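Work through the exercises below with the sequence and coordinates open. Each task is followed by a solution in steps.

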Amino acid sequence: EELSIYPNPVKDDYLNIRTISDEVIIFTVYDMLGKRMLNGTTINKINVSNLQRGVYFIELRNSNETLRQ
């Protein structure tokens with residue numbers, strides 16, 4: 001599989017991202033209303049400890065494509 005995002009729900013404050021390459025990923029986390037809650041860059045994990053419990057959407061971008069989940 002080219003992309004894995006886990007665990008869901010998040011435990012221990014980190015959302016892990018596994019890709020087939022070590023390319024830098026640009027991420028944005030949105031709440032249910034579409035408000036941007038968190039953004040930055042990563043290679044393999046996002047610290048989400050500042051987010052309240054709830055449902056969020058994530059957008060991941062690299063040099064080739066954009067993925068929303």
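**Exercise 1. State how much surface the chain exposes and what share of it carbon and sulfur atoms supply.**

Step 1. The exposed surface of the chain is about 5400 Å², with areas taken from the Shrake-Rupley method and a 1.4 Å probe; for residues, only the protein chains shown count as cover.
Step 2. Carbon and sulfur atoms supply 45% of that surface.
Step 3. Note the basis of the values: this is a predicted model, in which local features need pLDDT of at least 70 and side-chain atom pairs count only at pLDDT 80 or more, while totals for chains, interfaces and linings use all residues. Residues are numbered from 1 along each chain as its sequence is written, and side-chain values use heavy atoms, with hydrogens and water left out.
Step 4. Of the 69 residues of the chain, 22% count as buried, where buried means under 20% relative accessible area, exposed over 50%, and partly exposed in between (1.4 Å probe, protein chains only).

**Exercise 2. Describe the order of secondary structure along the chain and its overall dimensions.**

Step 1. The chain has seven strands and zero helices. Both are DSSP runs numbered from the N terminus: helices are H or I with at least four residues, strands are E with at least two.
Step 2. The pattern along the sequence is β-β-β-β-β-β-β.
Step 3. The radius of gyration is 11 Å, close to the 11 Å from the globule rule for 69 residues, so the chain is as compact as a globular protein of that length. This radius is taken over C-alpha atoms, and the rule is 2.2 Å times the number of residues to the power 0.38.
Step 4. The C-alpha trace spans about 30 × 25 × 20 Å along its principal axes.
Step 5. Among contacts in the chain with a separation of 6 or more, 44% are between residues 24 or more positions apart; contact means heavy atoms within 4.5 Å.

**Exercise 3. List the residues of the largest nonpolar core and find which strand gives the most to it.**

Step 1. A nonpolar core is a set of buried Ala, Val, Leu, Ile, Met, Phe, Trp, Tyr and Cys residues joined through side-chain atoms within 4.5 Å.
Step 2. The largest such core has 10 residues: L15, I17, I25, F27, V29, I46, V48, L51, I58 and L60.
Step 3. Strand 2 (14–19), strand 3 (25–30) and strand 6 (57–61) each supply at least two residues of this core, and strand 3 gives the most, with three.
Step 4. As background, nonpolar side chains tend to be buried together in soluble globular proteins.
Step 5. Take L15 as a case: leaving aside neighbours within four places in sequence, L15 contacts I5, Y6, P7, V10, N44, K45, I46, V48 and I58.

**Exercise 4. Locate the cis peptide bonds at P7 and P9, and the residues D12 and D13 with positive phi.**

Step 1. Most residues other than glycine have a negative phi, and most peptide bonds are trans.
Step 2. The bond joining Y6 and P7 is cis, with omega about -10°. P7 is in strand 1 (residues 3–11).
Step 3. The bond from N8 to P9 is also cis, with omega near 10°, and P9 lies in strand 1 as well.
Step 4. D12 is not a glycine, yet its phi is positive, about 60°; D12 sits in the loop between strand 1 and strand 2 and counts as exposed at 71% relative accessibility.
Step 5. D13 also has a positive phi, about 75°. D13 is in the loop between strand 1 and strand 2 and is partly exposed, at 42% relative accessibility.

**Exercise 5. Place M37 and Y56 in the chain and give their contacts.**

Step 1. M37 lies in strand 4 (residues 36–42) and is partly exposed at 34% relative accessibility.
Step 2. Not counting neighbours within four places in sequence, M37 is in contact with V29, Y30, D31, L51 and Y56.
Step 3. Y56 is in the loop between strand 5 (45–47) and strand 6, and is partly exposed with a relative accessible area of 26%.
Step 4. Beyond four places in sequence, Y56 touches V29, Y30, D31, M37, L51 and Q69.
Step 5. The C-alpha atoms of Y56 and M32 are 6.0 Å apart, although 24 residues separate them along the chain.
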